[in-house]
Amino acid sequence: MVKDDLLMIPGPVKLHERIIKAMSSQMISHRSRDFEEVFEYCKNAIKPLFGTSGDIAIISGSGTAGMEAAVASFSKVRKITVVDNGKFGERFAKIGAKYTEVDHLRFEWGNSIDLEKVEESLANGSEAIAFVHNETSTGILNPASEIARIARKYNALVIMDGITSVGGDEVKMDEWEIDVAVVGSQKCIGAPPGLAAVAINERAWEFYSESVPYYLDLKAYVKKAESNQTPYTPAVPLFLAFAEALRIIEEEGIENRVERHRKFARATRVWAESAGLELFPALNEHSSYSNTVTAIKMPDGVADKDLRGTLREEYGITISGGQEHLKGKIFRIGHMGNVTKRDLVATLSAIEDILSRKNVVKPALHAAMEELG
Ligand SMILES: *Cc1c(COP(=O)(O)O)cnc(C)c1O
């Protein structure tokens, strides 16, 4: 591994120097005042990123631990509707099936959600709905507030995977009436992987199940969070890094951060389209392109290794490919976290260079630069 390799994937993201320094320190007791101060800061600083004043649980585990904690803890439902238009929606369905009956609403990956199907499913006796806000696998932003509005009509619990939106795009959990939302540390927040935060509003507890898994019982986390601790030994170095990442966000300001993510996403899309490449998501009037990751169709005649392999070997830049059946069909550029204009311009120009050798792109950097200002 080269030390200055540039990670432009949708998590884990490149770490800010301050975050690397923050976690390389001597251990502190997780029952000490020192840790409680770190926890308290994290707990409070993350609320504005979710747009909530509700409870916060922080689990030592990846984003999926947060998804499972949310579904399992609030599984006192006869049936849950799961919206699947990508890999992470599918994951929610698999998790849901472990705990209750699932109405698995499948849409082709890359396509938008049909809200009429969502309503039909809820009218059909579902008592909860789980969906992914920003579907990282396809680069699509699903209509969170519209989904929640429909769910409200049926008094259904609303669980949202905000793993690649919270900290990078606008999330207004309380205003949108999302009951439970999840984020992972290694995406837009810009910390290393290994922590998941779950935000929970008051109403969610009506759906609290008594038969929850032991480690992922959100009630235990929320109870301990009152005294700024965790129920079990937390990943202390990650908490130190997480706190520093949240300080960096506070310094930038969440509105500025969202605006930066949107600008980078716009620049990436303008570049791709000017280059003659095609964006992958098929939008409808309710969906939009992701502001944190851009998915682009692989041009005909270009193999995944031609692009991503050469990019890594020649330039030390890593981007993502497609997952499952999308392998080789799309490539994805993560532009989330503390990514800089330099990182993005380097990535787009290197991709343009490699693809121009195959005569499948036109020069388009000027268009991206205009967007970046
Ligand atoms: C990355 C990601 C996950 C999974 O998180 P892990 O940290 O890998 O467990 C879930 N949902 C979305 C939308 C993601 O981008």
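**Exercise 1. How many residues of domain 1 are in contact with how many residues of domain 2?**

Before solving, note the ground rules. This is a predicted model, in which local features need pLDDT of at least 70, side-chain atom pairs count only at pLDDT 80 or more, and totals for chains, interfaces and linings use all residues. Residues are numbered from 1 along each chain as its sequence is written, and side-chain values use heavy atoms, with hydrogens and water left out.

*Solution.*

Step 1. Set the bounds. Domain 1 covers 6-11 + 253-372, and domain 2 covers 17-252. Such bounds come from an automatic or database domain assignment.

Step 2. Place the two parts. Their C-alpha centres lie 26 Å apart.

Step 3. Count. 33 residues of domain 1 are in contact with 34 residues of domain 2. Contact means heavy atoms within 4.5 Å.

**Exercise 2. Find the area buried between domain 1 and domain 2, then the polar links across the boundary.**

*Solution.*

Step 1. Recall the convention. The size of an interface is often given as the accessible area lost when the parts come together.

Step 2. Apply it. Domain 1 and domain 2 bury about 2,700 Å² between them, with 51% of it on carbon and sulfur atoms. Buried area is the accessible area (1.4 Å probe) that two parts lose on being put together, summed over both.

Step 3. Count the links. There are 4 salt bridges between domain 1 and domain 2. A salt bridge puts a side-chain nitrogen of Lys or Arg within 4 Å of a carboxyl oxygen of Asp or Glu. The count of residue pairs in polar contact is 21, both residues at pLDDT 80 or more. A polar contact is a pair of N or O atoms within 3.5 Å; within protein, one must be able to donate a hydrogen and the other to accept it, and residues adjacent in sequence count only if both atoms are side-chain atoms.

Step 4. Find the elements on the side of domain 1 that touches domain 2. α10, β11 (288-289), β12 (293-297) and β15 (330-334) each supply at least two residues. α10 gives the most, with 7 residues. Helices (H or I, at least four residues) and strands (E, at least two) are DSSP runs, numbered from the N terminus.

Step 5. Sort that side by type. Its residues divide into 13 nonpolar, 15 polar and 5 charged. Ala, Val, Leu, Ile, Met, Phe, Trp, Tyr, Cys and Pro count as nonpolar, Asp, Glu, Lys and Arg as charged, and the others, Gly among them, as polar.

**Exercise 3. Describe the salt bridge of Glu324 and Lys87, then the one of Lys94 and Glu90.**

*Solution.*

Step 1. Start with the total. The structure holds 26 salt bridges.

Step 2. Take Glu324. Its side chain meets that of Lys87 at 2.6 Å, N to O. The pair links distant parts of the chain: Glu324 sits in the loop between β14 (320-321) and β15, Lys87 in helix α4, 237 residues apart.

Step 3. Check exposure. Buried means under 20% relative accessible area, exposed over 50%, partly exposed in between (1.4 Å probe, protein chains only). Glu324 is partly exposed at 44%. Lys87 has 16%, so it counts as buried.

Step 4. Turn to Lys94. It forms a salt bridge with Glu90, the closest N and O atoms being 3.8 Å apart. The two are 4 residues apart in helix α4, so about one helical turn separates them. An α-helix has 3.6 residues a turn, so residues three or four places apart point the same way. Lys94 is exposed, with a relative accessible area of 55%.

**Exercise 4. Is Gly190 buried or exposed? Do the same for Arg260, and list the contacts of both.**

*Solution.*

Step 1. Gly190 is in the loop between β9 and β10. Its relative accessibility is 0%, so Gly190 counts as buried.

Step 2. Beyond residues up to four places away in sequence, Gly190 touches Val13, Leu15, Ile19, Ser185, Ala245, Arg257 and Asn338.

Step 3. Arg260 is in helix α10 (residues 254-275). At 15% relative accessibility, Arg260 is buried.

Step 4. Leaving aside neighbours within four places in sequence, Arg260 contacts Glu252, Gly337, Asn338 and Val339.

**Exercise 5. Why is helix α3 largely enclosed by the rest of the structure?**

*Solution.*

Step 1. Helix α3 (residues 63-73) has 11 residues, and 9 of them are buried, so the helix is largely enclosed.

Step 2. The buried residues include Gly63, Met67 and Val71.

Step 3. Their cover includes β2 (55-60), α4 (87-99) and α8 (218-225).
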